[in-house]
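Let us walk through this structure step by step, beginning with a single residue and ending with the ligand and its surroundings.

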Amino acid sequence: MTLLHDAALAEAFDRGAGSYDRLVTLNPGYHAQLRRSARRLAQAAGTAGNRVLDLGCGTGASTAALAAALPRARIVGVDASAGMLRRAAAKEWPTRVCFVHAPAEDLAAAGVHGPFDAVFAAYLFRNLADCDAVLGTVLELLAPGGRLAVHEYALSGRRVDRAVWSTVCAGVILPLGAATGNGGLYRHLRRSVGEFDTAPAFAGRMRRAGFDRVRVLPLPGWQTGITHTFLARRPPERPGGAR
Ligand SMILES: C[S@@+](CC[C@H](N)C(=O)[O-])C[C@H]1O[C@@H](n2cnc3c(N)ncnc32)[C@H](O)[C@@H]1O
């Protein structure tokens, strides 16, 4: 099976939207880990974290984590899947939260413009056909000095972590996907993680895109060495307009 991208992936998420929230509750620590990454973003952004973009917000789990970590921020959640977004929008939100249906590759056409003080992308980058292009878009959307947090399955590079991931896929993720009629999406999950950058490689990709202060932080539980928070900053402008 080839990896799903763009319209095919959005359709797979549309089909999986109804069971998504139920399935993630079977993943121990899913919400707690999103909250941890959102707090890390809030700490890095400081009081500047006023206007925040949640890219690939899905059914709103990451948006809820952001809303808790940044209680005064105006948050825009964006997703390419209409089905996932409908689930998000049907939940109760404070008025400072809104949702937009758009692919990360074409935000301007949907009226999503910067500057944002902070951008969060949880479980998005691994799904993109062109990570570098979207990192470039995020850099441009951020205000100078603004922060990006990427929460992502990105293996450490150690053989033991790859082996744990394979075991979890074979024993839990693939059987669950098959049992719930989401086999395609969960095969995509296994493969996309296996083929995605390791954590050090993704950190290098962020630096090459123009971010500085790139940090890779571990997450606790079975995801240690498998899922990480990546923090980065759009460099502030120097006097005279140069970055
Ligand atoms: C695994 S879900 C994660 C959702 C949410 N961030 C969370 O943490 O629960 C990934 C989401 O990314 C969205 N997505 C994938 N590719 C996208 C793209 N190119 N542009 C925007 N959203 C995309 C999918 O539709 C899906 O809702």
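**From one loop to the ligand**

Tyr 123 is found in the loop between strand S4 (116-122) and helix H5 (131-141), where helices (H or I, at least four residues) and strands (E, at least two) are DSSP runs, numbered from the N terminus. The model is a predicted one, in which local features need pLDDT of at least 70 and side-chain atom pairs count only at pLDDT 80 or more, while totals for chains, interfaces and linings use all residues. Residues are numbered from 1 along each chain as its sequence is written, and side-chain values use heavy atoms, with hydrogens and water left out.

Although Tyr 123 is not a glycine, its phi is positive, at about 60°. Another backbone feature is the cis peptide bond from Gly 114 to Pro 115, with omega near 0°, and Pro 115 belongs to the loop between S3 and S4. Most residues other than glycine have a negative phi, and most peptide bonds are trans.

Side chains of opposite charge can pair when their charged atoms come close. In the whole structure, a search finds eight salt bridges, each being a side-chain nitrogen of Lys or Arg within 4 Å of a carboxyl oxygen of Asp or Glu. One such salt bridge joins the side chains of Lys 91 and Asp 21, at 2.7 Å from N to O. This pair links distant parts of the chain, 70 residues apart, since Lys 91 lies in the loop between helix H4 (82-89) and strand S3 (97-101), and Asp 21 in helix H1.

Which residues come nearest to the ligand? Of the 22 residues around the ligand (those with a heavy atom within 4 Å of it), the nearest are Tyr 30, Gly 56, Ser 62, Asp 79 and Ala 104. The largest share of this shell, three residues, comes from H1.

Polar contacts, here pairs of N or O atoms within 3.5 Å, can be followed one by one. A polar side-chain atom of Asp 79 is 2.6 Å from a ligand oxygen atom, whereas a polar backbone atom of Ala 104 lies 2.8 Å from a ligand nitrogen atom. Also, a backbone N or O atom of Ala 80 is 3.2 Å from a nitrogen atom of the ligand.

Methods: Polar contact = N/O pair within 3.5 Å; in protein donor to acceptor, adjacent residues only side chain to side chain.
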